[in-house]
Amino acid sequence: MPAEAKVEASRARPAAPAAPPLTERQEARRRRILRACAQLASRGGFDAVQMREVAESSQVALGTLYRYFPSKIHLLVATMQDQLEHMHGTLRKKPPTGETAAERVAETLMRAFRALQREPHLADAMVRALTFADRGVSPEVDQVSRQTTAIILDAMGLDDPGPAQLSAVRVIEHTWHSALITWLSGRASIAQVKIDIETVCRLIDLTTPEDA
């Protein structure tokens, strides 16, 4: 783990019990923080996201920022969940058009991938945070996974996926995440990513009952 990640991890606090819902004012403050984080990451990637600068950009006290997000890793993972939630809303407004569930999921994930491609510094920062995340960031990582699953299930168009289909969804999530990492590191082209995504999405049709 790089030195900056170790520093941030060392500042992380133990996971607290589930907090009550945020008030309208608190939610607005949280959204300002996430927006400031995304803007800083878009300009300079992982290293550009410094907690003090995020606090200044979002007009909150540094101590308040740490109450919302105990470390930079927590913040960037939460930012990824927020970005995926926004993508999900956009995808719902214009659903995929493929004839099969596999085609629709592949189209959806490539649209999400291209959205991240437009902000490569932000994408790199968020993926690095996911990679650095330890057990202390599990709630935020789980939120990212749940959001990704929701995007895939919406594209599948199935109300009640079975165990085999849910297993296929998990494999697809792993492949999508891995493809994003290899592209960000310059080890895969967009064309190769597309092939890999389309290949793994065939698992959906293989695990879907014929009468579904």
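1. Which residues does L109 touch, not counting residues up to four places away in sequence? In this predicted model, L109 touches I152, I172, W176, I197 and C201 on that count. L109 is found in helix α6, and with a relative accessible area of 2% it is buried, because the cut-off for that term is under 20%. Along the chain L109 and P96 are 13 residues apart, and their C-alpha atoms are separated by 9.9 Å.

2. As for the overall make-up, the secondary structure of the protein comes to ten helices and zero strands, so that from the N terminus on the elements run α-α-α-α-α-α-α-α-α-α. Of the 212 residues in the protein, 42% are buried. Among contacts with a separation of 6 or more, those between residues 24 or more positions apart account for 74%.

3. Helix α6, which covers residues 101–117, has 17 residues that should span 24 Å at 1.5 Å a residue, and its end C-alpha atoms are indeed 24 Å apart, in agreement with that expectation. The buried residues of α6 are A101, A102, R104, V105, A106, T108, L109, M110, A112, F113 and L116, a list that takes in the charged residue R104 as well as L109, discussed above. What covers these buried residues includes α5, α7, α8, α9 and α10.

4. The packing of α6 against α10 can be described in some detail. Two packed helices are described by the angle between their axes and the distance between the axes. For helix α6 and helix α10 (residues 190–207) the angle is about 145° and the axes are 8 Å apart, and α6 passes α10 in a right-handed crossing. On the α6 side the contact is made by A101, A102, V105, A106, L109, M110, F113, R114 and Q117, which meet I190, V193, K194, I197, E198, C201, R202, I204 and D205 in α10. The residues of this contact divide into twelve nonpolar, one polar and five charged. An α-helix has 3.6 residues a turn, so residues three or four places apart point the same way.

5. Helix α8 (residues 138–156) likewise agrees with its expected length, since at 1.5 Å a residue its 19 residues should span 27 Å and its end C-alpha atoms are 27 Å apart. Within α8, the residues E140, V144, Q147, T148, T149, I151, I152, A155 and M156 are buried; one of them, I152, is also among the residues that L109 touches. What covers the buried residues of α8 includes α5, α6, α7 (120–132), α9 (163–184) and α10. After α8 comes G157, whose phi is positive, near 75°.

6. Helix α5 (residues 72–93) has 22 residues and reaches 32 Å from its first C-alpha to its last, which is close to the 32 Å expected at 1.5 Å a residue. The N-terminal end of α5 is capped by S71, a side-chain oxygen of which lies 3.3 Å from the backbone nitrogen of I73. I73 itself has its place in helix α5 and is buried, with a relative accessible area of 4%. Although I73 and E140 are 67 residues apart in sequence, they are 9.5 Å apart in space, C-alpha to C-alpha, and E140 is one of the buried residues of α8.

7. How does D82, also in helix α5, stand with respect to its surroundings, and which residues does D82 touch when those up to four places away in sequence are not counted? D82 counts as buried because its relative accessibility is 13% and the cut-off is under 20%. On that count D82 touches R31 and L34, and a polar contact of 2.9 Å joins the side chains of D82 and R31. A reader looking at this aspartate in the structure would therefore find a charged residue that is buried and that has R31 as its partner in the polar contact.

8. A last point concerns backbone geometry at Q59, which has its place in the loop between α3 (51–58) and α4 (62–68). Phi of Q59 is near 60°, a positive value in a residue other than glycine. Q59 counts as exposed because its relative accessibility is 68%, where the cut-off is over 50%.

Technical notes: Residues are numbered from 1 along each chain as its sequence is written. This is a predicted model: local features need pLDDT of at least 70, side-chain atom pairs count only at pLDDT 80 or more; totals for chains, interfaces and linings use all residues. Side-chain values use heavy atoms; hydrogens and water are left out. Axes are lines fitted to C-alpha atoms, for helices over the stretch in contact, and angles run from 0 to 180 degrees between N-to-C directions. Helices (H or I, at least four residues) and strands (E, at least two) are DSSP runs, numbered from the N terminus. A crossing is left-handed if the near helix is turned anticlockwise from the far one by less than a right angle, and right-handed if clockwise. Contact means heavy atoms within 4.5 Å. The expected span of a helix is 1.5 Å times one less than its number of residues. A polar contact is a pair of N or O atoms within 3.5 Å; within protein, one must be able to donate a hydrogen and the other to accept it, and residues adjacent in sequence count only if both atoms are side-chain atoms. Buried means under 20% relative accessible area, exposed over 50%, partly exposed in between (1.4 Å probe, protein chains only).
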